[in-house]
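Hi everyone, thanks for coming. I'll put the structure up on the screen and then walk you through it piece by piece.

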Amino acid sequence: MPIILDHQLREYIPHNAIEFPITYFHDELVTLPEWSGPLHWHPDFEIATAVSGVLDYQVGQEHIILEAGDSIFVNGNMLHGIKQLSGNVPDPMPNIVFSGALIASETSAIYQKYLQPIAQCDSLPFIVFRSENVFHYDVNRLIKDTYRLLDEQPQRYEMAVQRNISLIFEYILRNFDKFPRSEATRTQIQNQIRFQKMLAYIHGHYTEAVTLEDIAKAADISRSEAGRCFNTYMGCSPVDALIQYRLQAAHRLLSERTQTLQQISYACGFNSVNYFSRLFKKKYGYAPSKRENLGK
């Protein structure tokens with residue numbers, strides 16, 4: 001299932017928030033150009049696992065390398081993205097996105113006493129569970145079993161999933177003071193908010209004529225400050241980020257095979273088919289007209 005974002009970069013999570021607030025994803029990378037997922041955020045917790053390749057899991061400004069067998073817990077409302085660094089095939093990267101309400105309602109004593117301290121801990125944006133760390137064996141086993149349950153859905157699997165997630169949180173709480181902290185300064189927090197506003201503007205207006213001035217105005221900052229923000233989070237300029245997103249959108253539309261190159265070019269904010277084709281080939285290594293290569 002592809003990552004679907006709204007204009008605030010919140011990922012659309014298609015689980016029923018009342019009945020069973022957890023969603024299981026797998027094989028997402030194969031649907032994404034260059035096996036790379038865009039930066040986004042959602043209020044729910046997330047757990048993901050590298051299966052066969054090496055993954056770069058970006059959380060905020062930090063890049064965490066996951067080797068095969070490693071898992072990562074990402075706290076709610078954290079800006080994050082994913083890119084596969086090695087491997088000849090896309091990593092299945094099983095992952096779950098879930099609300100704390102899976103364990104207990106937000107008004108309950110259990111939530112406020114045990115989940116809220118984790119959810120509101122700004123200095124704990126993520127936790128990595130390494131496969132070679134014997135102290136992480138039990139939690140990694142619970143994570144893998146949760147994937148299995150959600151994939152196979154045997155009788156009463158919901159109860160088993162809820163139990164596993166509760167045990168994972170119990171493990172986090174038992175070791176709460178042992179996990180490395182990542183304290184964000186006031187400037188870093190402000191820059192992330194600015195970056196999110198500008199990236200959200202790109203996502204909402206990429207089909208239109210957009211200038212660097214427009215992007216900077218979305219966060220009420222100067223063009224030079226906008227450039228520093230994008231370089232910090234994406235390693236590129238705001239205009240380059242705009243072009244990247246337009247090309248990602250075009251890649252998706254090409255795979256649907258319902259529009260002409262000219263239609264796709266204009267729909268993605270390019271006013272020249274030739275210019276679009278040159279950028280697309282430079283980015284992905286083949287011309288957009290080469291439909292036999294689609295899906296790379």
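Let's begin with Asp-27, which is partly exposed, with a relative accessible area of 36%. Keep in mind as we go that this is a predicted model. You'll find Asp-27 in the loop between strand E1 (22-25) and strand E2 (36-40). What caught my eye is its backbone: phi of Asp-27 is near 60 degrees, a positive value in a residue other than glycine. For background, most residues other than glycine have a negative phi.

There's another one like that. Met-93 has a phi near 35 degrees, again positive in a residue that isn't glycine. This one sits in the loop between strand E7 (80-86) and strand E8 (95-98). So is Met-93 buried or exposed? Its relative accessible area is 4%, so Met-93 is buried, the cut-off for that being under 20%.

Okay, on to the sheets. A quick reminder: strands of a sheet pair through backbone hydrogen bonds, either parallel or antiparallel. Here's one open sheet, made of 5 strands in the order E1-E8-E3-E6-E9, and its pairing is antiparallel. E1 and E9 are the edge strands, each pairing on one side only. Going from one strand to the next, the twist averages 15 degrees.

Let me zoom in on the E1 end. E1 and E8 run antiparallel and are joined by 4 bridges. If you look for the bridge partner of Ile-22 in E8, you land on Phe-98. Then there's helix H2 (residues 137-152), which packs on this sheet and touches E1, strand E3 (45-49), E6, E8 and E9. The direction of H2 makes about 95 degrees with that of E3.

Now the other end. Strand E6 (residues 71-74) and E9 are antiparallel too, joined by 4 bridges. Val-74 stands opposite Phe-126 in E9. Which way do the side chains of strand E9 (residues 126-129) point? Phe-126 and Val-128 go one way, Ile-127 and Phe-129 go the other way, and all are buried.

Let's stay with Val-128 for a moment, in strand E9. With a relative accessibility of 17%, Val-128 counts as buried. Leaving out residues up to four places away in sequence, Val-128 touches Ile-64, Leu-66, Ser-71, Ile-72 and His-136. And here's a nice bit of folding: Val-128 and Thr-49 are 79 residues apart in sequence, yet their C-alpha atoms are 9.8 Å apart in space.

Just ahead of that strand is Ser-123, in the loop between helix H1 (109-119) and E9. Ser-123 counts as buried as well, at 10% relative accessibility. Not counting its neighbours within four places in sequence, Ser-123 is in contact with Pro-180, Arg-181, Ser-182 and Glu-183.

There's another open sheet, with 4 strands in the order E2-E7-E4-E5 and antiparallel pairing. Why do E2 and strand E5 (62-66) each have one side without a neighbour in the sheet? Because they stand at the edges, each with a single partner strand. The twist in this sheet averages 20 degrees from one strand to the next. Inside it, strand E4 (residues 54-59) and E7 pair over 6 antiparallel bridges. Asp-56, for example, has Lys-83 in E7 as its bridge partner.

Right, helices. The largest nonpolar core has 35 residues, and the ones with the most contacts inside it are Met-198, Ile-202, Phe-230 and Leu-247. Several helices supply at least two residues each, among them helix H4 (186-205), helix H6 (223-234) and helix H7 (238-256). H7 gives the most, with 9 residues. Apart from this core lies another one of 33 residues, including Ile-96, Leu-142, Ala-160 and Phe-169.

Let's look at how two of those helices meet. The axes of H4 and H6 come within 10 Å and cross at roughly 95 degrees. That makes H4 roughly perpendicular to H6. Among the residues making the contact are Phe-195, Met-198 and Ile-202 of H4, and Ala-226, Cys-229 and Phe-230 of H6. By class, this contact has 9 nonpolar, 3 polar and 2 charged residues.

I'll finish on Met-198. Setting aside residues up to four places away in sequence, what does Met-198 touch? Its contacts are Ile-215, Ala-216, Ala-218, Ala-219, Ile-221, Ala-226, Cys-229 and Phe-230. That's it from me, thanks for listening!

Methods
Residues are numbered from 1 along each chain as its sequence is written. This is a predicted model: local features need pLDDT of at least 70, side-chain atom pairs count only at pLDDT 80 or more; totals for chains, interfaces and linings use all residues. Side-chain values use heavy atoms; hydrogens and water are left out. A nonpolar core is a set of buried Ala, Val, Leu, Ile, Met, Phe, Trp, Tyr and Cys residues joined through side-chain atoms within 4.5 Å. Buried means under 20% relative accessible area, exposed over 50%, partly exposed in between (1.4 Å probe, protein chains only). Contact means heavy atoms within 4.5 Å. Two strands pair if DSSP finds at least two bridges between them. Axes are lines fitted to C-alpha atoms, for helices over the stretch in contact, and angles run from 0 to 180 degrees between N-to-C directions. Angles under 35 degrees count as roughly parallel, over 145 as roughly antiparallel, 65 to 115 as roughly perpendicular and the rest as oblique. Ala, Val, Leu, Ile, Met, Phe, Trp, Tyr, Cys and Pro count as nonpolar, Asp, Glu, Lys and Arg as charged, and the others, Gly among them, as polar.
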